[in-house]
Amino acid sequence: MSEYSDEAYLDLVEEYKQQEFVGVLEQPTAVVEAKNASCGDRVTVAAKSDSTHLECKWTGQGCIISQVAMSRALRHVQSTAELKQVSALADHEYLELIQFSDLTLQRQRCALVSKQALERLQDRLSDSQNL
Amino acid sequence: MPLAPRTDFPLLSSSTVRGHQLAYLDSAATSQKPQVVLDAINDYYSTSNANVHRGAHFLGDKSTQAWHQARQTIAQFLGATPQELVITRNTTEALNLAARAVASSIQPGDRIITTLLEHHSNFVPWQRLARERQAELVVVKVDKQGQLDWDQLNEVLASSTPVRVVALSHISNTLGSVFPLSQVVEAVRHHHKNAVIVVDGAQAAVHMDVKFDQLGVDAYALSAHKMLGPMGIGALLVRRSLLETWEPVLVGGGMIDEVTLEKTTYATNLEERFTAGTPDVASLVGWAAACEYLDQWSWSQHLAHDRELVDRTLEIAKKFPELEIIGPTDPDLPRIGSVAFVHPKIHAHDIGQVLDSVGVAVRSGHHCTMPLHNEFGWPASVRASFQCYTDLSELDALAEGLRKVAAVFGNL
């Protein structure tokens with residue numbers, strides 16, 4: 001994606017307009033925020049979970065990459081086990097999972113805002129389970 | 001036609017990006033380097049490399065001469081003396097040095113004044129210093145055109161609370177606006193004769209005639225890499241009588257008078273006193289070559305060329321009705337070096353990426369001015385910036401790129 005065709009970008013714009021898992025949760029178990037300090041991209045993820053089930057909703061603002069990345073990532077995080085697995089990936093593995101492996105280094109930071117949020121969520125949920 | 005021949009710049013004359021001729025509109029982030037600068041650095045290492053002020057041998061002497069000659073050239077270019085030129089790694093280090101050097105003079109309750117549009121390098125050091133010394137940091141507001149809130153500044157200056165530091169930029173790296181330094185100096189001195197006035201000149205020194213001895217300020221920070229020189233070297237110009245009162249921030253090799261087990265006295269020569277450790281001689285030599293290169297043209301030629309680029313970019317941006325140009329648009333207000341804009345729906349990074357796809361390099365982000373962006377609710381902005389080598393044809397590429405942005409994001 002370091003070299004966008006017009007078609008690829010148009011597809012991304014369409015995906016941006018139809019983001020998944022957007023919204024807020026009543027009485028969430030945890031709420032986390034993450035941001036890209038270089039440009040103000042930010043996402044807030046709320047989760048409800050028990051030992052196995054996980055439901056996430058998110059809101060955010062920022063560039064197309066940061067927002068589409070969050071939407072794509074949550075497709076892979078449908079249980080606490082998946083959250084643990086996805087949040088532990090190396091950055092390059094994570095970018096591959098969410099089909100953003102060909103970004104420039106600067107744009108990788110936009111996509112990785114979503115990973116930062118998932119890592120924080122994993123930390124928060126494991127803290128709350130340990131209590 | 002650009003002011004400086006494109007063929008003088010190897011990167012500019014040879015580079016294509018994704019099949020397009022490179023349009024490099026990110027010179028405010030860093031400038032490209034002419035061959036004479038690259039040659040000067042290479043020649044130094046090829047013919048003169050040895051440590052300065054140390055070995056009593058031929059090469060040591062040659063290197064020391066190169067160091068002092070370069071200091072002389074750079075100081076003269078900036079209207080300062082070599083004794084007033086404290087070499088740093090960059091503007092940020094220069095401003096941190098200023099903050100460290102004045103720290104002991106700040107008492108609890110004193111005021112440090114800065115402005116809303118400062119680069120973080122001229123904001124964070126003062127914010128930290130104010131916290132450490134229990135002083136008050138006063139941030140003078142600016143409007144969207146980068147014009148100072150004089151009512152606020154005058155009110156703060158008229159108060160009896162001591163103002164120890166006034167830190168402001170010469171040209172805004174985000175808005176391209178120019179602070180009227182002489183008016184600020186007059187207002188500050190009228191009320192607080194001994195306040196230390198520190199200027200961030202990173203964006204100014206390559207576009208306008210900076211003559212330190214005529215500015216009336218106490219310290220002026222700048223970086224070589226913004227003015228056709230190499231990265232990793234910059235300076236803080238400090239008024240000599242003030243510098244003589246400053247304790248060196250870095251201590252160690254090369255800056256001492258005498259070291260015993262009990263105590264150390266520092267070199268009385270200011271050029272040595274503020275040069276701790278082996279300096280980056282090659283970069284300084286490269287910087288001096290950049291100053292000589294820039295000196296080929298008068299400052300009125302530099303400014304006229306820049307004005308043409310600014311006006312053309314403003315014209316282009318105005319053709320895209322949703323773009324909000326930030327910084328001065330009133331023709332009576334100076335704008336130098338850059339034009340930045342925001343879009344209500346399209347994030348700056350997305351604009352930057354589409355522009356990159358047609359070979360246009362711009363800066364997108366908050367440009368290290370988060371307080372300014374937050375104040376006006378801009379998450380990030382896109383900035384096109386210019387240099388003596390910038391050609392109008394690069395602005396045609398920008399216009400083409402913006403048309404592509406409009407097409408790609410048209411129905412967002």
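This passage describes the interface between chains A and B of a predicted model, and then some local features of each chain.

We may begin where the two chains meet. On the side of chain B, 18 residues are in contact with 24 residues of chain A. The area buried between the two chains is about 1,600 Å², and carbon and sulfur atoms give 54% of that area. Within chain B, the residues that lose the most area to chain A are Arg18(B), His349(B) and Gln353(B), which together account for 34% of what that side buries.

Polar interactions also appear across this boundary. Seven residue pairs are in polar contact between chain B and chain A, counting pairs with both residues at pLDDT 80 or more. The count of salt bridges between the chains is one; in a salt bridge, the side chains of Asp350(B) and Arg107(A) meet at 3.1 Å, N to O. Two helices of chain B, α13 (348–357) and α15 (392–408), each supply at least two residues of the side that touches chain A. Of the elements of chain B, α13(B) gives the most to this side, with five residues. By residue class, the side of chain B that touches chain A divides into eight nonpolar, seven polar and three charged residues.

Turning to the interior of chain B, helix α3 covers residues 58–77 and offers a simple check of geometry. At 1.5 Å a residue, its 20 residues should span 28 Å, and the end C-alpha atoms are 29 Å apart, which agrees. Many positions along α3(B) are buried, among them Gly60(B), Trp67(B), Arg71(B), Ile74(B) and Phe77(B). The cover over the buried residues of α3(B) includes the helices α2 (35–48), α10 (270–273), α11 (281–294) and α12 (299–318), as well as the strand β4 (85–88), of chain B. After the helix comes Gly79(B), with a positive phi near 70°.

Thr64(B) is found in this helix and is worth a closer look. Thr64(B) counts as buried because its relative accessible area is 14%, below the 20% cut-off. The side chain of Thr64(B) reaches the backbone oxygen of Gly60(B) at 2.7 Å and the backbone nitrogen of His53(B) at 3.0 Å. Leaving aside neighbours within four places in sequence, Thr64(B) is in contact with Asn51(B), Val52(B) and His53(B).

Another buried position is His373(B), at 1% relative accessibility, in helix α14 (residues 370–376) of chain B. The side chains of His373(B) and Ser381(B) are joined by a polar contact of 2.8 Å. Beyond neighbours within four places in sequence, the contacts of His373(B) include Thr174(B), His366(B), His367(B), Trp378(B) and Pro379(B). By contrast, His373(B) and Asp391(B) are 18 residues apart in sequence and 29 Å apart in space, C-alpha to C-alpha.

Finally, the backbone deserves a word. Most residues other than glycine have a negative phi. Phe21(A), although not a glycine, has a positive phi of about 65°. Phe21(A) sits in the loop between α1 (6–17) and β1 (30–35) of chain A and is partly exposed, with a relative accessible area of 25%. Leu228(B), also not a glycine, has a positive phi of about 75°. Leu228(B) belongs to the loop between β9 (219–223) and β10 (234–238) of chain B, and at 0% relative accessibility Leu228(B) counts as buried.

Technical notes. Residues numbered from 1 in each chain as written. Chains lettered and ligands numbered in written order. Heavy atoms only, no water. Contact = heavy atoms within 4.5 Å. Buried area = accessible area lost by both parts, 1.4 Å probe. Salt bridge = Lys/Arg side-chain N within 4 Å of Asp/Glu carboxyl O. Polar contact = N/O pair within 3.5 Å; in protein donor to acceptor, adjacent residues only side chain to side chain. Helix = DSSP H or I, 4+ residues; strand = E, 2+ residues; numbered from the N terminus. Nonpolar A, V, L, I, M, F, W, Y, C, P; charged D, E, K, R; others polar. Expected span 1.5 Å × (residues − 1). Buried < 20%, exposed > 50% of the residue type's maximum accessible area, 1.4 Å probe, protein only.
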